[in-house]
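Here are a few exercises to work through with the model open in your viewer. Try each one yourself before reading the solution.

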Amino acid sequence: MKNKTFLKIIQPDDWHVHLREGDMMKVVTKFSSRINNRCVVMPNLETPITNSYLARQYKENLSLITAGLNFTTLLPCYLIDSLDLNDFKLALKKGIFVGAKLYPINATTNSSFGISKIDNIFSALEILEELGKPLLVHGEKVREDINMFDREKYFIDEELQIIRNRYPSLKIILEHVSSEYGTDFVNENKNTAGTITPHHMMLTKKDFFYENSINPHHFCMPVVKEESDLIALRKCACSGNKKFFLGTDSAPHHVNFKLPNMSSRAGIFSSPCSIELYVTIFEEEDSLDNLESFSSYNGPIFYELPINTEHIALTKETWVVPEYTIENNVKIRNFLGGKELNWKVI
Ligand code: DOR
Ligand code: ZN
């Protein structure tokens with residue numbers, strides 16, 4: 001299997017990506033629509049998408065860019081403490097929202113409107129469970145005494161396990177699983193799935209810290225962790241495990257916001273080469289046969305959506321990822337910019 005030079009797979013979907021708004025949205029969306037049929041687009045805009053009115057507006061803006069393309073965006077509702085439950089329920093029923101996203105307060109970019117106490121969203125979770133719609137979770141507990149590398153573990157133990165036990169039929173997706181502890185949680189619980197990014201399967205904390213500083217282009221939330229975590233993630237993604245699927249968490253920021261210290265914005269922009277990175281990882285793990293399950297089957301099955309019918313093809317051909325994406329007023333550092341990759345989409 002290692003000697004393959006050509007791959008044809010059912011068109012993938014990206015179950016977790018940030019397409020942003022304004023000029024940034026115009027620039028980054030084409031990288032996602034180049035490959036994917038569907039994208040779950042994160043609602044953590046500067047004004048978070050917390051109701052159907054904002055959702056319609058955002059979808060309209062997106063559709064101006066994607067008109068004519070074979071590309072669908074799915075949007076989860078950004079949960080807030082004071083959610084309008086009637087609006088939420090109706091919007092889920094109408095398909096305006098595909099599910100809901102739980103951001104713990106101040107855990108990541110634009111999460112200051114996030115949830116301060118999980119009890120505040122119990123009614124929303126009941127609605128999701130009743131309608132069979134998924135809860136997407138940014139699983140990090142932020143507290144002064146909790147080390148950044150342990151946030152996922154603490155969130156699972158102190159919050160997610162409570163939700164899991166209280167709503168046994170609720171579909172839960174632990175987004176961008178980043179630790180072995182996280183993969184264990186997904187594996188051990190029913191109705192629970194996880195998305196895995198390429199960067200969490202390629203980087204460890206050694207790549208994040210360098211020369212008494214941090215590398216802001218390897219800074220994301222949750223932060224990349226130990227070698228043992230990377231190995232656990234690779235195992236779950238590459239083994240054909242149906243609980244895990246593709247979610248890049250490609251999260252662009254203008255280079256001016258990427259600083260070599262902890263006030264940098266968190267987010268890694270991988271969409272210019274994300275499928276090529278996944279292929280590289282699956283090839284390294286001698287698991288190319290399982291790629292399609294991860295990229296094109298497991299996600300739609302968990303979301304109860306149809307499997308795509310089109311295909312994409314990749315060939316073994318060397319190319320260099322451009323260092324930056326520069327267009328209009330936007331300048332973004334591409335993940336692995338300047339590095340050679342061995343697979344290319346045809
Ligand atoms: O690194 C991240 N960046 N993690 C997130 O959860 C949010 C994202 C962003 O929006 O920048
Ligand atoms: Zn994200």
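**Exercise 1.** Among contacts in the protein chain between residues at least 6 apart in sequence, what percentage join residues at least 24 apart?

Solution. Keep in mind that this is a predicted model. Take the contacts between residues at least 6 apart, then pick out those that join residues at least 24 apart: you get 74%. For the setting, the protein chain has 10 helices and 16 strands, and 59% of its 346 residues count as buried.

**Exercise 2.** Check the radius of gyration of the protein chain against that of a compact globule.

Solution. Start from the 346 residues: a compact globule would come out near 20 Å. The chain has 19 Å, so the two agree. As for extents, the C-alpha trace spans about 50 × 50 × 45 Å along its principal axes.

**Exercise 3.** Find the protein donors of the zinc ion (ligand 2) and say which parts of the chain they tie together.

Solution. First, list the donors: H16 (NE2), H18 (NE2) and D249 (OD), at 2.0 to 2.1 Å from the ion. Next, write their spacing, H-x1-H-x230-D. Now place two of them: H16 sits in strand β2 (residues 14-17), while D249 is in the loop between β12 (244-246) and α9 (274-284), so this pair links parts 233 residues apart in sequence. Both H16 and D249 are buried.

**Exercise 4.** How many disulfides are there?

Solution. A disulfide needs two cysteine sulfur atoms within 2.5 Å. The count is zero. For C220, the nearest cysteine sulfur is that of C273, 14 Å away. C220 is buried at 1% relative accessibility, and C273 is buried with 1% as well.

Definitions and conventions. Residues are numbered from 1 along each chain as its sequence is written. Chains are lettered from A and ligands numbered from 1 in the order in which they are written. This is a predicted model: local features need pLDDT of at least 70, side-chain atom pairs count only at pLDDT 80 or more; totals for chains, interfaces and linings use all residues. Side-chain values use heavy atoms; hydrogens and water are left out. Buried means under 20% relative accessible area, exposed over 50%, partly exposed in between (1.4 Å probe, protein chains only). Donors are N, O and S atoms within 2.8 Å of the metal (3.2 Å for Na, K and Ca); water is not among the atoms, so sites may look incomplete. Helices (H or I, at least four residues) and strands (E, at least two) are DSSP runs, numbered from the N terminus. The radius of gyration is taken over C-alpha atoms; the globule rule is 2.2 Å times the number of residues to the power 0.38. Contact means heavy atoms within 4.5 Å.
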